[in-house]
Amino acid sequence: MKQLKEIARKQKNSMYTLVLMSILLGAVIIAQAYLIVVIVDSIFLQGESFHVILPALLSLIVVLGGRSFFTYVIGRTGVKMASKVKRNYRKALLSKYARNPMQGALKGQSGEKVSILLDAVDEIDSYFSKYYPQMIQTTIVPIMILTAIFSQNWVSGLIMIVTAPFIPIFMIIIGKATQRKSEEQLEKLAQFSGKFLDILQGLTTLKLFGRAKEKQEAIRQSSLDYRDATMTVLKIAFVSSLMLEFISMLSIALVALEVGLRLIIYENLPFFTAFFVLILAPEFFNSLKELGSAFHSGRGSMGAAKKVIDELEETEQPVQWGDAPLEERKEPPAIELRNLKFSYGEGSFSLKGVMASIPPASDVAIVGRSGSGKTTLLHLLSGIIAPSQGEILVNGKGLHQYKEAEWFDQLAYISQNPYLFSGTIQENIAIGGKEEATIEKVKMAAEKAGIAEMISKLENGYSTEIGEGGRGLSGGEKQRIALARAFLKKPSVILFDEPTVGLDLHTERVLQRAMKELAVTSTVITVAHRLHTIREADQILFMANGELVAKGTHEELLLSNSEYRSMVSVHEGGNTK
Amino acid sequence: MNELRVVIKLMMKEKKDVLLSILFGFLAGMGAVALFANSGYLISKAAITPPLYILTMSIALLKLFSVTRALSRYAERLYSHRATFTKLSNLRVYFFERLEPLAPRIFHKYRSGDLLSRIVGDVESLQNFFLRVYYPPIVMIIVFLATIAFTAFFSIHVAVFLILGLILTGFVVPLWFTVKQRGILQQLRELRGNVSTEATEFLYGFRDLKLYQRLDEQEKKLTNTADGYVSEQERESVQELSNQSVIQTLSLLVSWAVLGMGAYLVAGGSLDGVFLAMLVMTSITVFENATPMSAFPRYYEDSRRASSRLFSVIEEEGMETRGVEDDWEQIDLTKAPAIDVENLSFTFPGEKRLALKNIHLSLPAGSKTAIVGPSGSGKSTLIQLLLKMNKEYEGAIYLNGTSVRKIKDEAIWKGSNVIMQENHFFYGSIGENLGLAKDDLSEGEMNAVLEKVKLEEFSLTDSVLEKGGNLSGGEKQRLAIARAMLKGSKLWLMDEPTSSVDVLTERMIFDHLLHQGDDDTMILVSHRLIGLEKMDQIIVMDQGEIIESGTYEELMDKQGYFYEMKQIENSVLM
């Protein structure tokens, strides 16, 4: 994969280290062979005494130490490169997500994004820690060995040069065959391997129907089928290693034969050369073979890298904030929607030219069927996504011309499923405050949001850990925590996504009372699902298919808009029957 | 090793494959040693012009050894992988045999949804046990012993060095790194968990983080955690690398010592010089077999953990179920039973808050009861206790006057048609999934129920993907109802069976249900308050308590909790 190679090249220092260490490694491998041969030759043929070879023996130990050391440095450099790349990718992904993850979050892809950030980035590791260093090593070391052999005995060199290319050729041919075969088997494999999970997941159902025991045999069978399907794929891979082994072994045997024959029959080769060649030949082939296995681990990285790069290249609509101050006035800001358009991308849902004006401290209900664009409109109003066309005017100025912090300081957003951060209840409420909130203020807010009583019953009270890994709260309790945040913040604009179902009466009552209280001093814009909210709104924005089809009060819309009328009346009819 | 006892036991079931793997691994290892020893001997001999027949023999042997090595390696791979996959199959079956009696209770105990994928993953990761932990050391030891025996024939000293090498590279170093690695791997898992949690928080909580201006803070925190995780990964890789380097250094040192000792002996005249090259080549080659030992620590630790996690699930649970088997009471569930609940209280394990508080209920045989209330009020828990999916509660539940504690779990399940909130559908066809309900169902019967639940457009041969992935929520619910209808038991336990079905279809299905189950006892947990007029009794729950109960008219007249919920529901659009 090109991108990965480029990234590797950019780490110049590491690359130079790899090249240098590979050259040194090649040198010590040759030196090792040379010294061993010198020692054996002196003792065995020249009949020298032991102390003559001592210097060579001592040099050899240095060389061997060097060999371990250079191998270690190469590995370490690869590991460092991998770490750097992983860090950079994570950082890039995070800052991309931080800029605009809303589209992903809105499309419900958060889980997938977590997996890219964690798993895919991790999988890139082996390209840098294994494949790349091995590749550099394999481009350098075998050539050096070959040169050394050529310098001593060109016939052996020739044998190796002729046989060596078969290794990559076979790797490619068989690699392709394996891939094709495994693609053929892919569906089967997925099906067999999924069976165990499928049965485990359905175990409750199976038990309830008294069918669980029968499934034992199904598990055995699918496991064995999986084994057989995998083995057909693996067999090709094994045959490929067999061929590689054959090539290198036969080549080495050929070299041994050649030097042996020339040594004895033609007597035109000294023992020194013959032994030297014989020690280096396996080093040569080992280096080539190692690339093969490194390639295997590098390939997994490439798929993962593609995922990460695709993610990084995905276009975004960044939200740019300005630096105009939004001074706090006595009354909430006036908001004006001018021809507001937004699209989640081609072919998907879009919002088409919404025009409306929201006077300070008014009470607006956004009404429409699901998928009509209500929530998108609410997100646009919050400023976390930017309209593709048109603008939102706040006190006569474009929303995004203001400082981000100052707008958010005046805003509260109460969603249907408020997010609880891992931390204590106190921290979770205090997050609403503009500055560090005292426990007294937090308690007061909790009181107003009708959750103080429930908290006081907890063993650790406001210090109870909630959120990820902490204690779970019911939907109604989460809503009340969100309300407490709003009470603490005292915002001038409140965006509220009214729950559709499933709250307890206590929360329902608290919600009604609290929203009324908050509405006295703030502009409240609600995606409304309850008739009383709609009836009491100063203005209703009635949405259908991304368009604002009508606006006015409940009574006005009942008179003027038949679609609205039918929606309300059909609903009422449906319930009272 | 204790944690891996069962795995080893299961593996030894495939004795033939295991032995063949070891045999061929040995042959492959020895093939290489013999090949290089022979070539060292060959050229040494050649240097001193021996008789030609010795050379020809050596050359013939050379070919034989290379072919042996290549073929043995192939056979070794084949058999070892076969053994591994067969072992996985045995392992799955073994595990399932033991998990099966514990379900479904165990799923309620471990509330985390990833228990199952963890089980599957753990079984999968045990495939490395045989391939990289179990047999490579065995092969290594045998190859070394054979080689040592061979060298001892020429020089005891050389053999001693090789023994030393075997002990160091085969035992001391891998074990030392295994111990060192354990701490790092543990740390690594924790850090990974933290990254995952924080990333989840970052992405799922994005909107709130952004609006509360905590996004930068969280981004920094996450970046730091992720960096820490990478650093720890680096530490782990470097550790493994060190292990590899130490093994390599030791191998080279031993070969060096063999060379030095050999040279010394030859110079002193106690070893024939013609064997020197051979001994050196032997030593260099035999250490190839030590290479897999550098991966040993990691795979050993992985396997150990996977195995201990896997079996802790079933062992711990196994304790609880034993001992009560003997005195089950038989009750007749072929007729609609009466249900009585007395003073029932229940807390989920690990939680303080009561999920159910002093519940009293009396449902006569053949009665129709609806349980309503906000989410988290304890409605579903009541059904689960009735089904004995959790047994650690106070108070009692009676079926026809017999405490369910004394009734066999299977008997209750057999006697009831259960529709849960989440119903599983298996990979296969619609027909196969419906067929679970009862043996020998005819196609006609199945098609008839499909029609009743308004799924007449489905054919029995239509395929179903895993977890019913190709079905909508409403379709799955209706299919679950169809399956329950086919089962035909006399007690109906339904937990929000139609929450994703539109109101009109829901009513039609309920009409069929009430018709079929006219004489049956029915409990319906419902979120919606529509269509409850026909029920004999409505139980209203909030925070684990029964707040009110009565018929629809009674509750509406009373203008209490139910009435108010009804008012709210009426006022909710869509």
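Domain bounds here come from an automatic or database domain assignment. On that basis, chain A of this predicted model is divided into domain 1 (2-313), domain 2 (333-410 + 492-577) and domain 3 (422-490). Domain 2 is thus written as two segments, 333-410 and 492-577, with domain 3 listed at 422-490. Taken over C-alpha atoms, the centres of domain 1 of chain A and domain 2 of chain A lie 59 Å apart.

A word on confidence helps in reading what follows. The model as a whole has an ipTM of 0.86 and a pTM of 0.82. For chain A the mean pLDDT is 86, with 95% of its residues at 70 or more. Residues 573-577 of chain A are an exception to keep in mind, with pLDDT below 50; beyond near neighbours in sequence, this stretch has seven contacts in the model. Chain B averages a pLDDT of 88, and 96% of the residues score at least 70.

Turning to the annotated segments of chain A, the unreviewed UniProt entry assigns "transmembrane region" to residues 16-40, 52-74, 156-175, 236-257 and 263-281. Two of these can be set side by side. Residues 16-40 of chain A are 100% helix and 0% strand, and their end C-alpha atoms are 36 Å apart. Residues 263-281 of chain A are 79% helix and 0% strand, with 17 Å between the end C-alpha atoms.

For chain B, the unreviewed UniProt entry gives "transmembrane region" for residues 52-72, 133-154, 160-179 and 245-267. Residues 52-72 of chain B are 100% helix and 0% strand in the model, their end C-alpha atoms being 30 Å apart. Residues 245-267 of chain B are likewise 100% helix and 0% strand, and here the end C-alpha atoms are separated by 32 Å. This last segment falls in helix 9 (residues 215-268) of chain B, which has 54 residues. From first C-alpha to last, helix 9 of chain B reaches 78 Å, close to the 80 Å expected at 1.5 Å a residue. After helix 9 of chain B comes B:Gly269, with a positive phi near 85°.

Farther along chain B, UniProt (unreviewed entry) lists "domain: ABC transporter" for residues 339-568. Both kinds of secondary structure appear there: the chain is 32% helix and 27% strand over residues 339-568 of chain B, and the end C-alpha atoms are 31 Å apart.

The two chains meet through an interface in which 147 residues of chain A are in contact with 143 residues of chain B. Chain A and chain B bury about 13,300 Å² between them, and 68% of this area is on carbon and sulfur atoms. A:Lys207, A:Leu208 and A:Phe209 supply 6% of the area that chain A buries against chain B, more than any other three residues.

Charged pairs also feature at this boundary. Over all chains, a search of the whole structure finds 46 salt bridges, and 12 salt bridges are found across the interface of chain A and chain B. B:Arg192 pairs with A:Asp122 in a salt bridge whose closest N and O atoms are 3.0 Å apart. Another salt bridge joins the side chains of B:Glu234 and A:Lys80, at 2.8 Å from N to O. This pair crosses between chains, linking B:Glu234 in helix 9 of chain B to A:Lys80 in helix 3 (residues 50-99) of chain A.

Notes. Residues are numbered from 1 along each chain as its sequence is written. Chains are lettered from A and ligands numbered from 1 in the order in which they are written. Side-chain values use heavy atoms; hydrogens and water are left out. Helices (H or I, at least four residues) and strands (E, at least two) are DSSP runs, numbered from the N terminus. The expected span of a helix is 1.5 Å times one less than its number of residues. UniProt positions are given in the numbering used here, feature names are shortened, and annotations may be inferred rather than shown by experiment. pLDDT is the predictor's confidence in each residue, from 0 to 100. Contact means heavy atoms within 4.5 Å. Buried area is the accessible area (1.4 Å probe) that two parts lose on being put together, summed over both. A salt bridge is a side-chain nitrogen of Lys or Arg within 4 Å of a carboxyl oxygen of Asp or Glu.
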